Protein chains: 2
Amino acid sequence: MINVLMIEDDPEFAELLSEYLAQYDIKVTNYEDPYLGLSAGVKKFDLAILDLTLPGMDGLEACEEIVRKYDIPVIISSARSDINDKVKALALGADDYLPKPYDPKEMYARITSLLRRYSKTKESGDTLPKSDFEIRGDTIYFQGQALSLTPAEFEVLSLLVKHQGITQSREQIINASATMSIDSQGKSLDVIISKIRSKLGDPKRIQAVRGVGYKLV
Amino acid sequence: MINVLMIEDDPEFAELLSEYLAQYDIKVTNYEDPYLGLSAGVKKFDLAILDLTLPGMDGLEACEEIVRKYDIPVIISSARSDINDKVKALALGADDYLPKPYDPKEMYARITSLLRRYSKTKESGDTLPKSDFEIRGDTIYFQGQALSLTPAEFEVLSLLVKHQGITQSREQIINASATMSIDSQGKSLDVIISKIRSKLGDPKRIQAVRGVGYKLV
DNA sequence: TATAGATGATCAATGTCCTGATGATAGAAG
DNA sequence: CTTCTATCATCAGGACATTGATCATCTATA
């Protein structure tokens, strides 16, 4: 039994999806009000589906709240045509984005895919209860090994470590860096990332999120 | 009576500071909305205090706006901890930076110091109506000739031109520069000065003030 | 005035960020 | 499935700030 928290102001649509997913032993609990949903106890759920066009609190804020406080995957769905939403959602830490209208089948695929990914990282997370990154003073340790980083590299990696698992937009990263200039159309960031990757030894720890930024896993 | 424009979204904090500064005959007018504050007529004020964590418009943008359009000193304050705002604030043209939380006493000290500096440059500007230096956009002209300066050179010379005839301490100069790092025991400043002198052709225009800093004559 | 210590000036060398070019890859469209 | 385009990765080159060394100049003290 998988428990899904849904925040969606169209009850009809929520009901439709709920019925469809029931056949896969997925229970959907919908709240039309985001505040109600958030106070319902997020920890009970395995996954959250958020509607961006929410009344009162913006869906993006709800997403931020959930990502920051809890450790469950988040899928954002939206009827807005604005493509920027995808970028924003992923930047805020959402794990997937599905534009409305969507086929319930598609949503099911995303849910299973996401949960598989998460359980994997959870497992490895259990064996490595503490992150293998550690920031102490002005040096960063990776698997116990001190890294020799330039100022810009330190600032970038530092931000990624602090928000491990969450995608940081290019803009966020550059803004967080005092040494990197703002004007450049962010191409130097690519180089810095490249340098960090080679110094880590494992290039896959820093993943590029297309059109958004980077994420440390 | 000194008129201070404040843009700060925490009215309680604004009120606190306002009451404290009242004893020194400083009147603080606070706007919670930066757009409102900017449209209130900046010219009426002697100084501006900006909060970086502003809603809507970013504090940095507001700072840019004020510096570009008006001629009053700007103090930036910020509660952000994750980025090195100081560098950016000063780069945008702010005259001072104060991280939150700060003692109102400290803010008063900065205000008086800033206003003293400003009135001085105003006076000397009157006695020296025309200077053979001119700053237009991102280039500096010396006797009609455009100078080819690196960023650090531009920042340093720019400060000296703006306060022509007044000695600027090494610390002031380095603080006014976004590209120069603060840690170094200021030896790179010597090199920058040397470069500027050779580019000016006339080494005597920038005078060293022993134990203090430099002065443009 | 003469000497010694401190501060500033300049040069050469190093490390770092930035830029442009080229190749690789993923997502979209046909 | 294939092609096309946008984004990302990497490399090599150049510009620049910083450092250390060496020389010049100022100030203090006798």
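Quick ground rule for this predicted model: helix axes at 65 to 115 degrees count as roughly perpendicular.

Q: Why are α6(B) and α8(B) called roughly perpendicular to each other?
A: The axes of α6 (residues 151-162) and α8 (residues 187-200) of chain B cross at roughly 85° and come within 10 Å. The range for roughly perpendicular is 65 to 115 degrees, so α6(B) and α8(B) fit the label.

Q: Which residues meet where α6(B) and α8(B) touch?
A: On the α6(B) side you've got A152(B), E153(B), V156(B) and L157(B), and they meet I192(B), K195(B) and I196(B) of α8(B). That contact splits into five nonpolar, two charged and no polar residues.

Q: What makes β9 and β10 of chain B edge strands?
A: Each one pairs on one side only. The open sheet runs β9-β11-β10 (chain B), with antiparallel pairing.

Q: How do you know that β10(B) and β11(B) pair?
A: Two strands pair if there are at least two bridges between them, and β10(B) and β11(B) have four, in the antiparallel sense. V209(B), for one, stands opposite G213(B). Helix α6(B) lies across this sheet's three strands, at about 60° to β11(B).

Q: Which residues have the most contacts inside the largest nonpolar core?
A: That core has 23 residues, and the ones with the most contacts inside it are V4(A), M6(A), A48(A), L50(A), V74(A) and I76(A). Elements giving it two or more residues include β1, β3 and α5 of chain A. A second, separate core of 20 residues includes M6(B) and I49(B).

Terms used: Residues numbered from 1 in each chain as written. Chains lettered and ligands numbered in written order. Predicted model: local features only at pLDDT ≥ 70, side-chain atom pairs only at ≥ 80, totals over all residues. Contact = placed C-beta atoms within 7 Å. Axes fitted to C-alpha atoms, helices over the stretch in contact; angles between N-to-C directions. Parallel < 35°, antiparallel > 145°, perpendicular 65-115°, else oblique. Nonpolar A, V, L, I, M, F, W, Y, C, P; charged D, E, K, R; others polar. Core = buried A, V, L, I, M, F, W, Y, C linked by C-beta atoms within 7 Å. Buried ≥ 20, exposed ≤ 12 C-beta atoms within 10 Å, placed from the backbone.
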